[in-house]
Structures are given as structure tokens and as C-alpha cells.
Amino acid sequence: MQSSPKSQAPPQQFDLLLFDQFSNHCLANTVEPLRAANTLSQRTLYEWRFCTMDAQPVRSSSGMEVTPHVALGDARGSSLVVMPSYGVRALDHPNVIRPLARALARYDMLIGMDTGSWLLARAGALSGRRATIHWDVLDSFAEAFPDIDTVRDRFVVDGTRLTCSGAMAAFDLVAHLISEHHGPLLALEVAQLFMSHEATARPLNTPIRAGRTVTRAIAIMQAHLDQPIAISTLARNLGCTQKTLEARVREAMQMTPQALYRRLRLNHALALLQGTDQPISEIAGRCGYDTPSALSRAFRATFDRTPSAVRGAA
């Protein structure tokens with residue numbers, strides 16, 4: 001994993017405020033990328049707790065019950081994630097908004113997931129800012145809160161106020177935060193982890209701030225993990241010089257195209273070692289290495305473990 005001064009900071013705490021009828025999908029797409037970032041970095045970068053208004057369990061829209069760690073009135077931390085889903089209008093009530101407004105002052109970052117933007121707006125946290133919300137209620141949100149610059153986007157970051165449009169966008173928003181906190185490589189690895197083993201060689205939407213050239217370069221790399229192409233050839237395919245490609249990849253990913261390509265291939269090897277029973281010799285070929293020993297040397301230099309050790313643990 002790339003080193004970063006931010007990676008030496010204490011874990012960032014997320015408190016997730018849940019209500020009855022919350023979305024399982026949105027919750028998973030928020031928490032699982034954080035968990036994956038911890039796993040991939042082998043450090044506790046993120047911690048999270050579940051909160052409710054009164055410390056009582058809540059049920060999701062599909063019936064999953066969550067027992068909270070703490071009541072909202074007793075919670076404080078770096079980031080509060082407000083996560084209702086269905087029936088948000090019923091929550092637009094003083095019994096919810098008043099304690100929520102008091103709690104907001106105890107957090108540095110406020111995040112509205114799915115329809116959470118509605119409650120943050122009613123509590124006064126989004127006035128004069130750009131925001132989005134689940135697109136089913138976007139128009140009514142804009143009408144209800146004319147002092148907010150409502151936009152139809154997957155997620156919006158306006159300073160310390162973050163909003164997203166639904167469960168699928170929650171993953172994108174969290175990946176963006178991982179990239180901001182701990183670098184674009186970790187965000188890319190988290191996204192790659194959630195692809196199926198066969199799909200890890202296919203292009204995915206990169207959760208990084210990169211221009212079209214870098215995004216296309218990563219997609220081509222992912223499509224040629226088994227037979228790596230030269231960086232000079234990759235640059236020609238993209239219609240730019242190798243020097244230009246190297247500069248843009250360095251700017252976006254803080255590493256050379258060669259190092260990025262190698263990391264993508266080794267991540268694919270890691271996924272195959274952990275999730276399949278394919279022989280290491282076959283995995284080596286599928287990841288662009290001529291021999292198992294060549295894979296082993298590169299793998300150990302990157303992960304400080306051998307492929308055999310990973311296979312044994314799996």
C-alpha cells in the first residue's frame with residue numbers, strides 16, 4: 001500500500017444514524033468500503049458505530065434489525081452519516097429535527113445518504129450550499145428548500161457537507177472519501193475488490209479524480225492483465241506520448257504507470273489466490289507473469305507475503 005502522511009492519523013470515526021425503513025443496500029455500500037480499506041491497508045483507518053434517535057433497534061425496509069451502539073444524544077465524532085430512506089417525510093417532525101440539529105454541532109463532517117439530505121436541510125445544515133438527494137424526491141426537495149442549490153448528481157461535496165443520491169452512489173461517495181483521506185490507489189483497490197473474480201480484468205468506474213486519459217489507461221490495463229502491453233504502446237493507443245501519460249498518471253495516482261499496472265496485476269493475483277482454487281502457476285499466467293517464481297518475487301515485494309502463504313491462509 002502506498003504510504004501517506006494521512007495514513008498515520010488516528011482512525012476516522014463515522015456515526016451512522018439509522019431510522020426504521022432504512023436501506024440495507026445503502027448501509028452496506030457505506031460500511032463495506034470502509035471495512036475493505038481497513039483490510040487492504042492492514043490498519044484501522046476507519047471506525048463506525050450505528051446510532052438511532054433513542055438507542056432502540058431499527059428495522060430496514062427489508063426487515064433486517066440493527067441494534068445501535070449509542071443514542072444520537074450521546075454521540076459525537078468526526079463524521080455523522082444521516083441515513084433514512086423510505087418515509088422520510090414522516091421523519092420531518094420536530095421530535096426528530098430538534099435533536100438532530102443539536103447533534104450536528106458535535107460533528108466536523110455531515111453526510112446525507114439517500115434521503116438523508118432532507119433531514120439535514122430541515123435541520124439547517126445545507127442552507128446556501130450545493131446538495132443532491134435521491135432523485136425520486138429531487139424536485140420536491142428543491143421546492144421545499146429554495147435556499148439550497150439542488151443538483152441532479154450522484155453525490156455532491158460542498159466543504160464539510162456531503163450528500164448522495166442513493167444506495168449505488170453511496171459506494172462512490174465513500175470511495176471518494178477514501179481517495180481523499182488515503183490516496184487514489186487505495187480507493188481503486190477497494191473498488192477492484194468488490195468486482196467478481198472474473199470481472200477484475202474488466203474496466204470499472206475509477207473512484208478517483210482523474211482525467212479521461214488516466215481513466216482510459218486504467219481500463220486498458222485492466223483489460224490486459226494477462227498479457228501486459230508496453231507503456232509506450234498504451235500511450236499510442238491513447239493518442240498521447242509516453243511522457244504525457246506518465247505525467248498524468250503521476251498527478252492522479254502518485255505513481256508511475258508501470259507501478260500502477262504492476263499493482264493492478266498483483267491485486268488480481270491476490271483475488272484469485274483468495275477466492276479460487278486455481279494453481280499458482282495458472283494464476284501467474286493470468287496475471288502476466290511467465291513463471292510462478294516471477295509472480296512470487298513481485299507479490300512478496302508488494303504484500304510482504306508469498307502467494308503460497310496467502311493460499312494457505314485462504
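This briefing describes the sheet, the nonpolar cores, the aromatic rings and the cysteines of one structure. The model is predicted. Its open sheet has 7 strands with mixed pairing. The largest nonpolar core has 35 residues, and a second, separate core has 31 residues. A search of the whole structure finds 0 disulfides.

**The sheet**

- The strands of the open sheet follow the order S5-S2-S1-S6-S7-S11-S10.
- Strand S5 (70-71) and strand S10 (155-158) are the edge strands, and each of them pairs on one side only.
- In general, the strands of a sheet pair through backbone hydrogen bonds, and the pairing is either parallel or antiparallel.
- Strand S2 (residues 46-52) runs parallel to S5, and 2 bridges join them.
- Within this part of the sheet, cysteine 51 has valine 70 of S5 as its bridge partner.
- S2 also pairs with S1 in the parallel sense, over 6 bridges.
- Glutamine 13 has glutamate 47 of S2 as its bridge partner.

**Strand S1**

- S1 is largely enclosed by the rest of the structure, because 7 of its 7 residues are buried.
- Gln12, Phe14, Leu16 and Leu18 point one way from S1, while Gln13, Asp15 and Leu17 point the other way.
- The residues on both sides of S1 are buried, and they include the polar-named pair Gln12 and Gln13 as well as Asp15.

**The nonpolar cores**

- Ile111 and Met113 have the most contacts inside the largest nonpolar core.
- Several elements each supply at least two residues of this core, among them strand S1 (12-18), helix H1 (24-41), strand S6 (77-83), strand S7 (107-112) and helix H7 (184-193).
- Helix H6 gives the most to this core, with 9 residues.
- Leaving aside neighbours within four places in sequence, isoleucine 111 is in contact with Phe14, Leu80, Val81, Val82, Leu120, Leu162, Leu173 and Leu177.
- The second, separate core includes Val96, Ile97, Trp118 and Ala123.

**Aromatic rings**

- The structure has 5 aromatic pairs.
- One of them joins phenylalanine 14 and tyrosine 46; this pair is tilted, at 5.9 Å centre to centre and with 55° between the planes.
- This pair links distant parts of the chain, with phenylalanine 14 in strand S1 and tyrosine 46 in strand S2, 32 residues apart.
- Phenylalanine 14 and tyrosine 46 are both buried.
- Phenylalanine 141 and phenylalanine 145 form a tilted pair, at 5.1 Å centre to centre and with 50° between the planes.
- Phenylalanine 141 and phenylalanine 145 are both buried.
- Ring pairs join Phe141 and Phe145 with Trp118 in a cluster.

**Charges over rings**

- Arginine 152 has its charged end over the ring of tryptophan 135, 5.4 Å from the ring's centre.
- Arginine 265 lies over the face of tyrosine 289, at 4.2 Å from the ring centre.

**Cysteines**

- A disulfide is, in general, a covalent bond between the sulfur atoms of two cysteines.
- The search of the whole structure finds 0 of these bonds.
- Cysteine 240 has a relative accessible area of 17%, so it counts as buried, for which the cut-off is under 20%.
- Cysteine 287 is also buried, with a relative accessible area of 0%.

Key:
Residues numbered from 1 in each chain as written. Predicted model: local features only at pLDDT ≥ 70, side-chain atom pairs only at ≥ 80, totals over all residues. Heavy atoms only, no water. Disulfide = S-S within 2.5 Å. Buried < 20%, exposed > 50% of the residue type's maximum accessible area, 1.4 Å probe, protein only. Pairing = 2+ DSSP bridges. Helix = DSSP H or I, 4+ residues; strand = E, 2+ residues; numbered from the N terminus. Core = buried A, V, L, I, M, F, W, Y, C linked by side-chain atoms within 4.5 Å. Contact = heavy atoms within 4.5 Å. Phe/Tyr/Trp six-rings, centres within 6.5 Å; stacked < 30°, edge-to-face > 60°. Lys NZ or Arg CZ within 6 Å of the ring centre and 35° of its normal.
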